[in-house]
Each structure stands twice: as C-alpha cells, then as structure tokens.
Amino acid sequence: MPKKPAVSAKHAEPSVKLSSRGVARLQGRHPWVYRSDVAEAKDVPPGSVVRVLDPRGKFLGTALYSSSSQIAIRMISHGSVADLPALVAERIRAAIAYRKELVSNTDAYRIVFSEADFLPGLIVDRYSDVLSMQILTQAMDAAPVREAILQTLREELQPAGIVERVDARIRELEQLPPLQSGLRWGEKSSTVISMNGEKMNGGHTNSEETSGNETSGVRFHYDGLEGQKTGAFLDQRENYAAAARYAHGEALDAFCYQGGFALHVALHPAAKCSSVTGIDSSRPALEMAEKNATLNGRELEWIEANAFDLLREYSAANRRYDTIVLDPPAFAKTKRDLEKALGGYKELNLRAMKMLRSGGILVTCSCSFHVGAQDFLEMVADAARDAHKSLRVVENRGAAKDHPILLNVPETSYLQCLILSVSN
Ligand code: SAH
C-alpha cells in the first residue's frame, strides 16, 4: 500500500484534550474515554486519528475519535501514528499470528476481537474459507482503512469470500450512512465449518479438547448473509467440547440456536448421550439445527417453544434428564437490568436443577457482560439452595481463547459457562 507522506499526516492530525478523569482512565489501561471526560475537541472531523493530550497539553498517545458515540476516544497507540491503514494491517497480522499459537482443531474461530486485539471497532471471524467482518466505529469505516482490512485478510488467509455483516443500529449511533450486509470480496458467502475434531488446522492437536481418535470434528453449515450475530457462536466452541466430556444419558439443550451444544453432546467423540432434544423459539434457527444434524449423519429432536414455558411444563410433569444445557440470550443489556436478569437466570437454573437426576450435569451460561462471574456463581448457588440440591463445580469457563480477555478492559470478559454436577 502506498504510504502517505508522513509530514502532511502529522500536521493534519487534530488533537483532543482530556479532563483529569479521562487521563486517569487511560492510566488504568482502559482504551476508552467518554465524551464527558473530553475537555476540548475543537474542529475534530468524525472518525479521525487524534493526538490525545492531558489537561496541560502533554502528549499521551493516539486515538480514534467518534463524533457521535458516548465513547469519544478509543486509544490505538501510546505513541504517534503516521499511517492508520498500515497500523491496522500490522495489527491484523499480529492477531492472526496469535491465533496460530492458541487455536487448534477448528477451521472456524475469531480472528480479530476489537479492543482485545488492539483494533477497536473491528471484528473478523473465520468460517473455513469464508471470512465475516463487522465494522463498528467511524474510524474503521474510512475507505483507506476498509481497503487495508480487506487486502490484509486476502493476503494472509486467501479466503474464497469476505462478507460484511452490518449492524444497522450501530451505524446509526455512529452516524454512518446506512449500508447493506453483503459480499465485499470474492464469490462465496456460505460454507461448511468443522470444529473440535483432531489433527485439523495444519496438524495442530490439543489433547485437552479431544479424545484419542482422529476425527474431522462436528460440522455446521455457515451462511454469512443469514443468522444472528456473525452467524454462529464461536465463543462457545471450547465449551461445546468440554460439555461433551461430561454429558451423558438423556440431554436437553435449552436455547439451542443452530444446535452447537446439542450436536456436540450427541456426536463429539467424547459424547455419551443416548438422546438429545434441542429447544429454541426461533424456527429458522431450528431448521438450520436440523440441517446440521443431517450433515453429521444424525437425527435429533428439535422443539420450537418458549424455553421458560416448556421447562415449567416439563418440570410440573416430573420429566427427568441427565444433562441440561442453558445458554439463553443476554438478559441484562444494561446495568439497570441486572436484578431482573438474575431473576430470569435463577428461574431457569432452579427448574433445570430440579429436573436433573442425581449425578446429572448442568451446563449453564450467561453472555450478559453486566452479569459478572461472581454474580453468576451466587445466582447458581442461590438456585441450588432453593432446589435443595448440592452442586459441585466441574469446570468454570469463559469464552474460547480466540476471544481473548484483555485485563483492565472488563467489557472483553462477558461469557460465563459453568459445568456443574448435581446431587440430591
Ligand atoms: N447455545 C447456542 C446459542 C444460543 S443464543 C449456540 O451455542 O449456538 C440464544 C438463543 O435463544 C437464540 O437462538 C434465540 O432464538 C433463543 N431464544 C431467545 N429467547 C428464547 C425463549 N424465550 N425460548 C427459547 N429460545 C429463546
């Protein structure tokens, strides 16, 4: 990529002065500064690269500026940045190298996770030969940055297609022009992925996640232009394999979406389940779940229902299971929802505990950032008391390693997954 002359870039760079509270935030290694902590930002164009100054004018580093978000500043470097597209390209290459060390036995994983990869506002997932990207900030949306993202991904990963999934609400918040999701490069937007096999991904193996057999893993259809989020819940990938190690007997996967847990507890080499039922309120998700089961050569039971109602009904009818998975959508979208959200989680967990046979396995998850690890554990403990059951923590897990947690940035830690053994 041709580099712009450093001189003109340097002189063109606007600056932003922070309040002392804003400075304190940066000293805590959090990359965000809220608009209320910006003391001065005169004539700063939307999405620009800005020099960040303390109240006395001392240079603190370089940030991406948003003219509309409450998060006005996202730090990108503690030094100067002369060429943002070149820096973005370099960070993407580093994020890919980080995954090469940590990720194995899958051809689907997150490649770039925004702040956790020092690329605020960019998410890229790999689904075999199709890449899916999301752009969430004004600065990342600039044409030269987009160009650098696509070019680097093509050079490093040689995909057959790159799709962009647009979050219309975020574009509106960032005051970016509306845009349709679609293919941004190549021809291919759907594919088949495979995870939690062995001897995949260029021969890397990970003995913790697999049994001794060589397998091609559990397979899923992926359509980059359909589905929720970026199409699949890659953050649960390692939890699927962990759940499969303990799951047994009759299993129920509540909030199953396209069957991530259900298929693993049925099909993974470690799986010991005799029957598996998936419940979800979304028919398209269940249709895909059924197709995924067929792809793997198994037929499972899928029920379209409100999981709250169905669990209530099943528990009143004294239905019993040996394994129950609870992976509901985020109940707490904001901090204010916390109490109500914990009430919802508790109701589900309480019912599941009552329905489990002694020795049964409960896999319970929360993807609400506002529900912290401690809140979640306390809620489960509370439910156990009310259900008159004793629970042992078999594993206390979070998101897969390709969704790194950046310390001092609590927002990067949002997923809880507890695997519990339930005794009467
Ligand atoms: N476990 C899944 C992800 C679940 S996401 C996986 O690993 O892929 C949450 C799911 O809950 C979504 O599929 C959504 O359709 C479903 N859902 C939301 N509210 C529901 C309700 N009240 N009853 C049943 N399913 C619900």
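Here a trainee and a mentor talk through a predicted model of a protein.

Trainee: Let's start with the whole thing. What makes the protein as compact as a globular protein of its length?

Mentor: First, the parts: the secondary structure comes to 12 helices and 20 strands. The radius of gyration is 23 Å, close to the 22 Å that the globule rule gives for 424 residues, so the protein counts as being as compact as a globular one of that length. Along its principal axes, the C-alpha trace spans about 70 × 45 × 35 Å.

Trainee: And how many of the residues count as buried?

Mentor: Of the 424 residues, 55% do. As for the outside, the protein exposes about 18800 Å², and carbon and sulfur atoms supply 50% of that.

Trainee: What share of the contacts joins residues 24 or more positions apart?

Mentor: Among contacts with a separation of 6 or more, such pairs account for 68%.

Trainee: How far apart are the mean positions of the positive and negative charges?

Mentor: They are 4 Å apart, taken over 51 positive and 52 negative charges.

Trainee: On to domains. Which ones does the assignment give?

Mentor: It gives domain 1 (15-77), domain 2 (84-195) and domain 3 (233-423). The C-alpha centres of domain 2 and domain 3 lie 28 Å apart. Their contact takes 19 residues from domain 2 and 12 residues from domain 3.

Trainee: Why is helix H7 called largely enclosed by the rest of the structure?

Mentor: Count its residues. H7 covers residues 237-246, and 8 of its 10 residues are buried, so the label fits. Among the buried ones are Arg-237, Glu-238, Tyr-240 and Ala-244.

Trainee: Just ahead of that there's Asp-235. Why is Asp-235 called buried?

Mentor: Buried means under 20% relative accessible area. Asp-235 has 3%, so it is buried. You'll find Asp-235 in the loop between strand E13 (218-223) and H7. Its C-alpha atom is 8.3 Å from that of Gly-398, although the two residues are 163 residues apart along the chain.

Trainee: How do you know whether Ser-128 is buried or exposed?

Mentor: Same test: the cut-off for buried is under 20%. Ser-128 has a relative accessible area of 18%, so it goes down as buried. Ser-128 sits in the loop between strand E8 (122-127) and strand E9 (130-135).

Trainee: What is the phi of Ser-128?

Mentor: It's positive, about 55°, although Ser-128 is not a glycine. His-388 has a positive phi too, near 55°, and is also a residue other than glycine.

Trainee: Then what makes His-388 exposed?

Mentor: Exposed means over 50%. His-388 has a relative accessible area of 68%, so it is exposed. His-388 lies in the loop between helix H12 (373-387) and strand E19 (390-397).

Trainee: Last one. Why is Pro-269 called partly exposed?

Mentor: Because its relative accessible area is 33%. Buried needs under 20% and exposed needs over 50%, and partly exposed is what falls in between. So Pro-269, at 33%, takes that label.

Trainee: Where is Pro-269 found?

Mentor: In the loop between helix H8 (260-267) and strand E15 (272-280). The C-alpha atoms of Pro-269 and Ala-116 are separated by 32 Å, and these residues are 153 residues apart along the chain.

Technical notes. Residues are numbered from 1 along each chain as its sequence is written. This is a predicted model: local features need pLDDT of at least 70, side-chain atom pairs count only at pLDDT 80 or more; totals for chains, interfaces and linings use all residues. Side-chain values use heavy atoms; hydrogens and water are left out. Helices (H or I, at least four residues) and strands (E, at least two) are DSSP runs, numbered from the N terminus. The radius of gyration is taken over C-alpha atoms; the globule rule is 2.2 Å times the number of residues to the power 0.38. Buried means under 20% relative accessible area, exposed over 50%, partly exposed in between (1.4 Å probe, protein chains only). Contact means heavy atoms within 4.5 Å. Accessible areas come from the Shrake-Rupley method with a 1.4 Å probe; for residues, only the protein chains shown count as cover. Lys and Arg count as positive and Asp and Glu as negative; His and the chain ends are not counted. The place of a charge is taken as NZ of Lys, CZ of Arg, CG of Asp or CD of Glu. Domain bounds come from an automatic or database domain assignment.
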